[in-house]
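User: I am a first-year student, and I would like a close look at one part of this protein, namely the sheet and what packs around it. Could you take me through it slowly, in connected prose?

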Amino acid sequence: MAGRGKLIAVMGDEDTVTGFLLGGIGELDKHRRPNFLVVEKETSLAEIEETFRSVSHLAGAHAVGALCPSLSLFPVGRGFLAREDVGMILISQALAEQIRPAVAAHARALPAVLEIPSKDHPYDPARDSVLRRARGL
């Protein structure tokens, strides 16, 4: 990856993600993993959280597979937090609320996590755990 910048990943509803894709952020890495997730009504909470972080960030991939067999279907390293080519994750605030413990647990500088509004859910600074943490610095 020498000489290349980091990607921006985006997670949200179809309209939000489509807007960013039309802006040119859509990429596939060498393993054909996209840097975006369109969340629909059928998208499971486990898939959303797994796309945000990898199984290896939980108590070990084997332990998680034993506790929750559906998570063992996702390959280790699939999540945006585990990808070295992702420098920023844009996540709609409504979606971040659904996986708040995972978002709040992320403490590294990179990838930076930014909560954004969506068409149906305006931005509320009081619910943004990343902003609250930044204000505390």
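Analyst: One term is needed at the outset: a residue is called buried when its relative accessible area is under 20%, and exposed when that area is over 50%. By that rule R53 is buried, because its relative accessible area is 15%. Please keep in mind that the model is predicted.

To place the sheet in the whole, the protein has 6 helices and 4 strands, and along the sequence these follow the pattern β-α-β-α-α-β-α-α-β-α. The 4 strands form an open sheet, in which the order is β2-β1-β3-β4 and the pairing is parallel. Because β2 (36–38) and β4 (112–116) each have a single partner strand, they stand at the edges, and one side of each is left without a neighbour in the sheet. On average, and with direction ignored, neighbouring strands of this sheet are turned by 20 degrees against each other. As general background, the strands of a sheet pair through backbone hydrogen bonds, in either a parallel or an antiparallel way.

Within this sheet, strand β1 (residues 7–12) pairs with strand β3 (residues 86–92) in the parallel sense, over 5 bridges. If you want a place to start in the picture, look for L7, which stands opposite V86 in β3.

Strand β3 also holds S92, which counts as buried because its relative accessibility is 4%. Leaving aside neighbours within four places in sequence, S92 is in contact with M11, G12, I116 and S118. One of these, I116, is 24 residues from S92 along the chain, yet the C-alpha atoms of the two are separated by 4.7 Å. Contacts between residues far apart in sequence can also be counted for the whole protein: among contacts with a separation of 6 or more, 68% join residues 24 or more positions apart.

What, then, packs around the strands? The largest nonpolar core has 17 residues, of which M11, I48, F52, I89, I91 and I99 touch the most other members. The elements that give two or more residues to this core are β1, α2 (45–52), β3, α4 (93–98) and α5 (100–105), and β3 gives the most, with 3 residues. Apart from this core lies another, of 5 residues, including V17, I25, L90 and I116. Returning to I89, and again leaving aside its neighbours within four places in sequence, we find it in contact with A9, M11, F52, F80, L81, P111, A112, V113 and L114.

Helix α2 deserves a separate look, since its buried residues are I48, E50, T51 and F52. These buried residues of α2 pack against β1, β2, β3, α4, α5 and β4. It may help to recall that an α-helix has 3.6 residues a turn, so residues three or four places apart point the same way.

This brings us back to R53, which is found in the loop between α2 and α3 (61–67). The side chain of R53 makes a polar contact with the side chain of E49, at 2.3 Å.

Finally, for the protein as a whole, buried residues make up 38% of the 137 residues. The protein exposes about 7,900 Å², and carbon and sulfur atoms supply 59% of that area.

Conventions. Residues numbered from 1 in each chain as written. Predicted model: local features only at pLDDT ≥ 70, side-chain atom pairs only at ≥ 80, totals over all residues. Heavy atoms only, no water. Pairing = 2+ DSSP bridges. Axes fitted to C-alpha atoms, helices over the stretch in contact; angles between N-to-C directions. Core = buried A, V, L, I, M, F, W, Y, C linked by side-chain atoms within 4.5 Å. Buried < 20%, exposed > 50% of the residue type's maximum accessible area, 1.4 Å probe, protein only. Contact = heavy atoms within 4.5 Å. Areas by Shrake-Rupley, 256 points an atom, 1.4 Å probe, with all protein chains shown as cover. Polar contact = N/O pair within 3.5 Å; in protein donor to acceptor, adjacent residues only side chain to side chain.
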